[in-house]
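Student: Hey, I've just opened this one and don't know my way around yet. Can you walk me through it?

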Protein chains: 2
Amino acid sequence: MKLNVSPDTIPPRGHEAKRVSIMDAAGKVFCRESFAGANIDMIAAEAGVSRQTIYNHHGDKENLFVAIVRDLTERCNAGIFATISTFPDQPKDLEADLIAFAVRMNRNCVCNRDGKFLRKLIQTEGERYPELFAEWREQGPGRTWPAIAARFARLAHAGFLDIEDPDVAARQFLALANAELQTTFMLGGTPDDDEVLQSATHGVRTFLRAFGKRQQVADAQKHSPPTGA
Amino acid sequence: MKLNVSPDTIPPRGHEAKRVSIMDAAGKVFCRESFAGANIDMIAAEAGVSRQTIYNHHGDKENLFVAIVRDLTERCNAGIFATISTFPDQPKDLEADLIAFAVRMNRNCVCNRDGKFLRKLIQTEGERYPELFAEWREQGPGRTWPAIAARFARLAHAGFLDIEDPDVAARQFLALANAELQTTFMLGGTPDDDEVLQSATHGVRTFLRAFGKRQQVADAQKHSPPTGA
DNA sequence: ACAAATTTAGACACTCTTGTCTAATTCGTC
DNA sequence: GACGAATTAGACAAGAGTGTCTAAATTTGT
């Protein structure tokens with residue numbers, strides 16, 4: 001609603017700070033209390049801002065909510081793509097590298113603050129805002145899953161894995177990496193580093209038992225996956 | 001508030017019918033609207049009952065909510081144990097039998113009405129009622145997962161599978177069986193029979209690639225102890 | 001058919017929340 | 001220091017929801 005002519009004077013200084021702290025607090029409160037249970041005064045207090053300021057910035061509660069979800073979706077997506085870019089395309093130690101990747105994915109995208117908030121909001125309010133969450137579905141899983149699948153396909157093509165359907169494998173990789181965190185996620189908890197590592201380790205081992213190359217049949221005798229030590 | 005002396009005259013007849021229809025409607029509405037978003041008039045209307053009757057039966061909104069969760073937990077647990085009892089202990093066709101089991105588990109326990117409601121309520125209100133959901137955790141995953149693990153352990157002992165840690169395998173089995181339903185669950189949807197079969201088939205195939213007996217490599221074990229590499 | 005228990009509709013007081021408005025104050029900038 | 005924009009506290013009306021109460025209607029067991 002404020003169209004400044006000069007392109008670099010967009011918002012003053014404290015203005016943006018307030019905006020951020022409102023988004024921050026609103027995410028926290030919506031996540032904790034659900035849309036209906038949250039109230040604007042709570043958010044204002046948590047943001048250290050007056051109620052009126054929130055109305056000035058966002059108009060009404062629903063508008064604020066939508067802004068939060070869009071913001072979280074965007075930030076989470078960025079994080080996921082950043083993490084995908086660290087996928088081990090030329091692994092030295094396939095098991096260790098995939099475990100490390102799974103841990104990064106969980107820690108930086110799934111278990112972190114934004115990931116937790118977005119997941120909770122989707123679960124809680126998904127049915128009430130079909131178009132908003134359809135948007136998330138397209139921008140989120142719709143784009144990240146194929147990206148991960150492509151990496152696995154490349155790894156298979158390079159001879160590191162034996163995969164028929166990379167899309168299926170990608171989904172199963174993620175499912176396995178989280179297999180032991182499900183209950184914690186359900187209750188809104190945040191698994192600690194050890195649980196994440198544990199789940200990723202078990203998940204990747206099983207994944208490699210299923211999709212790892214079995215060279216014994218071919219011809220090798222010494223070039224087995226260098227895991228231990 | 002009504003202590004009847006004779007132990008079998010507990011509730012009349014239509015009384016119980018109302019009780020059931022209240023529980024039914026309340027589950028639906030709490031699930032759809034969240035605790036804060038649900039209101040008693042909505043539940044009363046959906047149950048075909050007057051508001052006062054709900055207050056007569058359950059005292060207040062919170063009490064009603066707790067009763068719903070307890071009821072759902074109990075019913076879901078019963079369903080899960082009933083399904084576990086159909087686990088293929090002496091499989092004729094291991095893949096087909098495990099797929100069928102995974103489908104039963106999903107259809108009768110995870111994707112059905114009660115399963116969907118309980119899952120949603122846990123996700124949505126879990127943080128607000130720690131003791132109630134701790135109870136669920138103990139009665140639910142705390143008892144069903146070991147039960148499934150025991151079945152897999154038996155199957156491994158009988159020579160059908162090659163499993164080191166049955167608890168891990170059981171969790172991974174369930175994770176794989178649901179791997180392709182995650183997004184749908186997130187948004188509160190109910191996957192159709194085809195999606196369930198698809199996910200179960202892919203999941204079980206991968207599970208068997210990882211844990212199935214491979215005669216050629218049965219002795220080529222190359223597993224090192226858990227290390228945080 | 002009768003008596004007791006239950007259910008019902010409606011009104012009610014009370015609280016909470018949203019969103020608006022106003023006037024005073026603070027902040028950023030020149 | 002002064003100006004304009006943003007923020008603030010507080011009051012406010014309107015609406016919605018909870019939980020109670022009452023008197024009438026209905027159901028249930030005998």
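Tutor: Sure, we'll go through the DNA strands, then the two protein copies, then a tryptophan.

Tutor: One thing before that: this is a predicted model.

Student: Okay. Which residues come nearest to DNA strand C?

Tutor: There are 20 residues around strand C, and the nearest are A:Asn39, A:Gln52, B:Ser50, B:Arg51 and B:Thr53.

Student: And which helices supply at least two residues each of the surface near strand C?

Tutor: From chain A, helix H2 (40-47) and helix H3 (51-58) do. From chain B, helix H1 (14-37) and helix H3 (51-58) do. The largest share comes from H3(B), with five residues.

Student: What part of strand C is the protein next to, sugar or phosphate, or bases?

Tutor: Count the atoms of strand C within 4 Å of the protein: 68% belong to sugar or phosphate, and the rest to bases.

Student: Where can I see a phosphate oxygen of strand C by a side chain?

Tutor: Try B:Thr53, where an N or O atom of the side chain is 2.5 Å from a phosphate oxygen of strand C. A:Ile40 uses its backbone instead: a backbone N or O atom sits 3.2 Å from a phosphate oxygen of that strand.

Student: And which residue has a polar side-chain atom by a base nitrogen of strand C?

Tutor: That's A:Gln52, with a distance of 2.5 Å from a polar side-chain atom to the base nitrogen.

Student: How many residues of the surface near strand C are charged?

Tutor: Seven are charged, alongside nine polar and four nonpolar ones.

Student: Let's switch to strand D. Which residues come nearest there?

Tutor: Out of 20 around strand D, the nearest are A:Lys18, A:Ser50, A:Thr53, B:Asn39 and B:Gln52. H3(A) gives the largest share of that surface, five residues. By class, the surface near strand D has six charged, ten polar and four nonpolar residues.

Student: How much of strand D within 4 Å of the protein is sugar or phosphate?

Tutor: By atoms, 70%, and the rest belong to bases.

Student: Which side chains should I click on for the phosphate oxygens of strand D?

Tutor: A:Lys18 has a polar side-chain atom 3.1 Å from one. For A:His57, a side-chain N or O atom is 3.4 Å from a phosphate oxygen of strand D. On chain B, look at B:Tyr55, with a polar side-chain atom 3.4 Å from a phosphate oxygen of strand D.

Student: New topic: what rotation superposes chain A on chain B?

Tutor: A rotation of 180° with 0.0 Å of shift along the axis, giving an RMSD of 0.1 Å. That is the relation of a two-fold axis. The same surface serves both copies, with 89% of the contact residues of chain A recurring in chain B.

Student: Which residue of chain A comes closest to the rotation axis?

Tutor: A:Ala210, whose C-alpha is 2.0 Å from the axis.

Student: Last one: where is A:Trp136, and is it buried or exposed?

Tutor: A:Trp136 is in helix H7 of chain A, residues 130-139. A:Trp136 counts as buried because its relative accessibility is 9%, and the cut-off for buried is under 20%.

Student: What is A:Trp136 in contact with, leaving aside neighbours within four places in sequence?

Tutor: In chain A, the contacts are A:Thr73, A:Leu118, A:Ile122 and A:Pro141. A:Trp136 is also in contact with B:Thr183 and B:Leu187 from chain B.

How values were computed. Residues are numbered from 1 along each chain as its sequence is written. Chains are lettered from A and ligands numbered from 1 in the order in which they are written. This is a predicted model: local features need pLDDT of at least 70, side-chain atom pairs count only at pLDDT 80 or more; totals for chains, interfaces and linings use all residues. Side-chain values use heavy atoms; hydrogens and water are left out. A residue is near a molecule or strand if one of its heavy atoms lies within 4 Å of it. A polar contact is a pair of N or O atoms within 3.5 Å; within protein, one must be able to donate a hydrogen and the other to accept it, and residues adjacent in sequence count only if both atoms are side-chain atoms. Helices (H or I, at least four residues) and strands (E, at least two) are DSSP runs, numbered from the N terminus. Ala, Val, Leu, Ile, Met, Phe, Trp, Tyr, Cys and Pro count as nonpolar, Asp, Glu, Lys and Arg as charged, and the others, Gly among them, as polar. Copies are superposed by least squares on the C-alpha atoms of residues with pLDDT of at least 70 in both. Contact means heavy atoms within 4.5 Å. Buried means under 20% relative accessible area, exposed over 50%, partly exposed in between (1.4 Å probe, protein chains only).
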